[in-house]
Every structure is written in structure tokens, then in C-alpha cells.
Amino acid sequence: MLVPCFLYSLQNRKPSLYGSLTCQGIGLDGIPEVTASEGFIVNEINKKSIHISCPKESTSSKFLAPYTTFSRIHTKSFCLDMFSLRGLGVSSSTDGTMKIWQASNGELRRVLEGHVFDVNCCRFFPSGLVVLSGGMDAQLKIWSAEDASCVVTFKGHKGGILDTAIVDRGRNVVSGSRDGTARLWDCGRSACLGVLADCGASINGVAVGAADNSINLGSPEQMPSEREVGTEAKMLLLAREDKKLQCLGLQSRQPVFLFIGSDAFNCCTFLSGFLLLAGTQDGNIYQLDVRSPRAPVQIIHRSGAPVLSLLSFRDGFIASQGDGSCFIVQQDLDYVIELTGADCDPVYKVATWEKQIYACCRDSLVRRYQLSDL
């Protein structure tokens, strides 16, 4: 079996080096006995993971197999989110449905039907009792997780909704669309509070984060509506199809920065009050500091496959790409953790619940990884 080891630091790219792993048999404890070639070393191996290093290049990776796989939730999965207090997962599909299921065993609890065509994004509100979704039908919907009813439908976008964000406890939500606009919505009155940005290009990803005190978000030109709740001191990040990453004050609507990347931006997330990540179609992950965004803190490039999702995790992040790769980078580890099993199918989204990571893939499978195996 050929195993790639990516020989670069997180800031410096180098060519890949390939070697082979050979199983010499199974030990009495049931653990395979594996040797490596081309200067690779098997540091540690158990039934769920293998840690391989290349001392010459001072690099290593730990490959983690799924603890279990849920195959009966969808025939085609696209997005997912987890809610820890109730132990539930929600996932969406290209068949226009969403499903709520038990995180522990994948048992189906609810089917949410009402969108036409693909449901691009879904997420729990902080209460865990309500779900927010956006679809290619240009509709934003709010659902009861208890009885699967659609309680609110927002209309106003002229193109498919590609991503959403929830502001604080959820009285307001943000949507990004193929029509090039990002909108702020009032959930209580089912109304649009305003167009936050009109980019002229698809908005593929949105993120809302609390701003560090050192960041100037500007002042709103008009008095904010009393229906805006929790928008002050918040930043809005927009990952755009025209290679631009845009940041603005959520309440002020004033620009904070505009960064031009190497290709279309697909996704984005905040790591802190001033650090953020954004992934592009050509495989770059940009880490930027909002206080000085002209030059990236670092650019991580593992392959030319599109970066499809980014999730802040502990003191690092989880990323997934269009070639099936899904990996964890943490500052306190001197190696990258590879979440295996997707082969070459795109991994669309990752989410966490307690000590587990869930990943949904184009092959329709939802894979669960145990963090205790790390």
C-alpha cells in the first residue's frame, strides 16, 4: 500500500515523498506488524490508527480510521451539524431533504421536507430545538427539531443560498447566496433586516465572530433596527467566488478588509477575535490576522483539491477537501492527524460532538471518529 507523506512545514511547500507499508503479519494482540520503506518509520500502530514519520524530513502524520460509519441516513449527503446537549445530528442532501438522527448510533429521528432541489446548508440553533437551512430554491427555512415542522420560511434571495450563520442565540441569522448578497434576517418577525453586502459574485461561505477590542469596525450610517440583537462588536466574513475574502462590521456594515486570494474562496471561519481561516478552490488555506490582513500569517497547501470546509478545533482546526482528505492541525501536536476512509470522494463538512468528529461525504456515508484514538 502506497502512503504519501507530505514533506513541508505548514508554511513551506516541498515535493511529496512516497514509500510503501508492508504488513508482516498479525501479532498475538491482533495488531498488524507493519514495516515501511524509503526512510519512513512506523512509530505507533493499533487497530484504529497508525503514526508514520520521516525523520530525514522532520515530518509525520497519524492516520485515523473511522470508529463507525452510518450508511442509512442519506443516499447523498451534503452538509451536517451536531448539537451536543441533546446528542443529535442534522444532515442535508441533494434530494431536498434533511434528517435529524441520534449521534450515538445514527438512528433516524426526524425527516425535514420542504425544500426544492439541493439543501446546501443546515445547522442547529444554540437551543438545539430548532434547525436553520438554506437551499438552491433560494429559501431559508427554520424547522422544529421536535416535530419536523417548518415554522418560518424567508424569501428574498434571487439565487440559491450557499451558507448561513447564526448571531448569538439566534434572534438574527445571516445568509449568503449565489445572487451575490449577504442578508440579515429577523427570525421573530420572519423579515429581512437588510442587505449586508452586495458583492456581484456568489457568496460561498459566511462566518460571524466576536471582534477583538483592537479592531475598528466603524460606525453604522443609520441607527440599527431595534430588531437587531447581538450584532454589535461582531465581524462578518464572506468567502466569495471572485477570489475575494471580505470582512465587515456586522452592525456597522463598514468594510474591515478585502483580501484577494489565488482562486475562489469556498469557506471561512474565525479562530479567535482576530485570527481567521479561509479555503480556496485550488487548495490553499489562508490564515489571516484581521489587524494586518495584507500578508497572510501562513498559507497551508496540501493538494490542489478544493477546500470544502474549515472548523475551529481546540487550538487548531479541521479541514476537508475535494479529494477525500480530511485532517486536523493542532499547535500542541508535532504531526497532522489524517481522518481516513473517504478515499477520493469529497468530504463536504465536518462537525464535532463531545469526543467525536463526524464527516459527511459524497459517497453518502457519515463517518464518526473517536478523539480518544488520537
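Ala, Val, Leu, Ile, Met, Phe, Trp, Tyr, Cys and Pro count here as nonpolar, Asp, Glu, Lys and Arg as charged, and the others, Gly among them, as polar. With these classes in hand, the lining of the largest cavity comes to 8 nonpolar, 1 polar and 1 charged residues. The structure is a predicted model, and its enclosed spaces make a convenient place to start.

In total, 3 cavities of 30 Å³ or more were found. The largest cavity has a volume of about 50 Å³. Its walls are made by Gly324, Cys326, Leu339, Ala342, Val347, Ala359, Cys360, Cys361, Arg367 and Tyr369. Two elements, β33 (356-361) and β34 (366-370), give two or more residues each to this lining. The largest share, 3 residues, comes from β33. Under the classes above, Gly is the kind of residue that counts as polar and Arg the kind that counts as charged, and Gly324 and Arg367 are both among the residues lining the largest cavity.

The open spaces come next. The largest pocket has a volume of about 1400 Å³. This pocket is lined by 47 residues, and Arg123, Asp163, Thr164, Leu310 and Lys349 lie nearest its centre. Strands contributing two or more residues to the lining of the largest pocket are β8 (77-83), β12 (119-124), β16 (161-167), β20 (203-210), β24 (265-270), β28 (307-313) and β32 (347-353). By class, the pocket lining holds 28 nonpolar, 12 polar and 7 charged residues.

Part of the chain also carries a record annotation. An unreviewed UniProt entry places the feature "repeat: WD" at residues 90-111, 112-153 and 154-186. In the model, residues 90-111 are 0% helix and 64% strand, with the end C-alpha atoms 10 Å apart. For residues 112-153, the corresponding values are 0% helix and 55% strand, and the end C-alpha atoms are 13 Å apart.

Aromatic side chains give a further view of the fold. The structure holds 8 aromatic pairs. One of these joins Phe265 and Tyr286 in a tilted arrangement, 5.7 Å centre to centre and with 55° between the planes. Because Phe265 lies in strand β24 and Tyr286 in strand β26 (residues 284-289), the pair ties together parts that are 21 residues apart in sequence. Both partners are buried: Phe265 has a relative accessible area of 0%, and Tyr286 has one of 6%. Strand β24 has already appeared above as one of the elements lining the largest pocket. Elsewhere, Phe70, Trp101 and Tyr358 form one aromatic cluster.

Arginine side chains also meet aromatic rings. The charged end of Arg291 sits over the ring of Phe274, at 3.7 Å from the ring centre. In a second example, Arg302 lies over the face of Phe327, and here the distance to the ring centre is 4.3 Å.

Two residues illustrate how parts separated in sequence are placed in space. Glu228 is found in the loop between β20 and β21 (234-240). Is this charged residue, at 12% relative accessibility, buried or exposed? Buried means under 20% relative accessible area, so Glu228, at 12%, counts as buried. The C-alpha atoms of Glu228 and Gln251 are separated by 8.2 Å, although the two residues are 23 residues apart along the chain. Leu238, in strand β21, likewise counts as buried, at 0% relative accessibility. Its C-alpha atom is 9.4 Å from that of Cys199, with the two positions 39 residues apart in sequence numbering.

Finally, two glutamates stand out for their backbone geometry. Glu38 has a positive phi of about 55° although it is not a glycine. This residue, Glu38, lies in the loop between β3 (32-36) and β4 (41-45) and is exposed, with a relative accessible area of 52%. A positive phi, here of about 50°, is also found at Glu354, again not a glycine. Glu354 sits in the loop between β32 and β33, and with a relative accessible area of 58% it is exposed. The strands on either side of that loop have both been met above: β32 gives residues to the lining of the largest pocket, while β33 gives residues to the lining of the largest cavity.

How values were computed:
Residues numbered from 1 in each chain as written. Predicted model: local features only at pLDDT ≥ 70, side-chain atom pairs only at ≥ 80, totals over all residues. Heavy atoms only, no water. 1 Å grid on protein atoms, 1.4 Å probe; cavity = no way out; pocket = protein on both sides within 12 Å on 5 of 7 lines; lining within 4 Å. Points joined across faces, edges and corners; volume = space filled by probe spheres on them. Helix = DSSP H or I, 4+ residues; strand = E, 2+ residues; numbered from the N terminus. UniProt positions renumbered as here; feature names shortened; annotations may be inferred. Phe/Tyr/Trp six-rings, centres within 6.5 Å; stacked < 30°, edge-to-face > 60°. Buried < 20%, exposed > 50% of the residue type's maximum accessible area, 1.4 Å probe, protein only. Lys NZ or Arg CZ within 6 Å of the ring centre and 35° of its normal.
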